[in-house]
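Notebook open, model loaded. I'll jot things down as I look them up.

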Amino acid sequence: VTGTPVSSKCDIQVPPSDLADHLGRLLETKQGQDVTFKVGGRVYHAHRIVLAMRSPVFMAELYGPMKDSGTQIITVEEMQPAVFELLLQFIYTDSLPDVEDLGDVDDVGEFVKHLLVAADRYCMDRMKLICESILSKRLDAESVGNILALADQYHCSSLKDACIEFMHSSSSIDDVI
């Protein structure tokens, strides 16, 4: 059949992608998981291929020449279990829970700083930008100095700019100093 396509009056609705939902369920069900992580005494199971697909660091660690083929359990040092859990959630679903949903966290700002460090460690650029965005909205005279130092250390130029702008526009610059 050739010719010009005929316009239809029927509008077919295409639902949004549900890939993240399926991957999130894959993490929850533990089916097919082939790598185990030990983080602060807690154990997490995951899928090598999903981790490698999302993070060049995991790609190198799990499939590169430096991989330890005999090791079934990978110990992650210097990271809180709750931070690693959210890192895994982000890897599988490409999203983080709302800051308000982190109810069991004592200091949300401090926790997001740890998430940013984890995102940087595993080259999760989108997660890192989400953390930068959250921190930039939580700036105050007490925290801006520490957040600026963090932004400088982890090369977060947008967060660094937000801190500098906050300090310049702050009505109480003495409080910041």
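Leaving aside its neighbours within four places in sequence, which residues is Ala20 in contact with? I looked, bearing in mind that this is a predicted model. Tyr92 and Thr93 are the partners I found for Ala20.

**Ala20, continued.** I placed Ala20 in helix 1, which runs over residues 19-29. I also checked Ser95: it is 75 residues away from Ala20 along the chain, yet the two C-alpha atoms are separated by 8.7 Å. Buried or exposed, or something between? Ala20 comes out at 32% relative accessibility, so I put it down as partly exposed; the partly exposed class sits between the cut-offs of 20% and 50%.

**Helix 5, length.** Next I took helix 5, residues 108-121. With 14 residues at 1.5 Å a residue, helix 5 should span 20 Å, and I get 20 Å between its end C-alpha atoms, so expectation and model agree.

**Helix 5, start and finish.** What caps the N-terminal end of helix 5? I traced the cap to Asp107, which has a side-chain oxygen 3.2 Å from the backbone nitrogen of Gly109. Just past the other end, I noted a positive phi of about 55 degrees at Cys123.

**Helix 5, packing.** I listed the buried residues of helix 5: Val108, Gly109, Phe111, Val112, Lys113, Leu115, Leu116, Ala118 and Ala119. A lysine is on that list, Lys113. For the spacing I keep in mind that an α-helix has 3.6 residues a turn, so positions three or four places apart point the same way. What do these buried residues pack against? I wrote down helix 4 (81-93), helix 6 (125-137), helix 7 (144-153) and helix 8 (157-169).

**Cavity.** How many cavities of 30 Å³ or more does the structure hold? I count one, and I have the volume of the largest cavity as about 40 Å³. Two helix 5 residues from my buried list, Val112 and Leu115, turn up in its lining. The others lining the largest cavity are Leu86, Leu96, Pro97, Val99, Leu102 and Ile134. By class the lining is eight nonpolar, no polar and no charged.

**Positive phi elsewhere.** I then went through two loops. Lys30, not a glycine, has phi near 65 degrees; I found Lys30 in the loop between helix 1 and strand 1 (35-39). His155 isn't a glycine either, and has a positive phi of about 55 degrees. The loop holding His155 runs between helix 7 and helix 8. With a relative accessible area of 68%, His155 goes down as exposed.

Methods:
Residues are numbered from 1 along each chain as its sequence is written. This is a predicted model: local features need pLDDT of at least 70, side-chain atom pairs count only at pLDDT 80 or more; totals for chains, interfaces and linings use all residues. Side-chain values use heavy atoms; hydrogens and water are left out. Helices (H or I, at least four residues) and strands (E, at least two) are DSSP runs, numbered from the N terminus. The expected span of a helix is 1.5 Å times one less than its number of residues. Buried means under 20% relative accessible area, exposed over 50%, partly exposed in between (1.4 Å probe, protein chains only). Contact means heavy atoms within 4.5 Å. A polar contact is a pair of N or O atoms within 3.5 Å; within protein, one must be able to donate a hydrogen and the other to accept it, and residues adjacent in sequence count only if both atoms are side-chain atoms. On a 1 Å grid over the protein atoms alone, a cavity is a set of points where a 1.4 Å probe fits but cannot get out, and a pocket is an open set with protein on both sides within 12 Å along at least five of seven lines; lining residues have an atom within 4 Å of a point. Grid points are joined across faces, edges and corners, and a volume is the space filled by probe spheres set on the points. Ala, Val, Leu, Ile, Met, Phe, Trp, Tyr, Cys and Pro count as nonpolar, Asp, Glu, Lys and Arg as charged, and the others, Gly among them, as polar.
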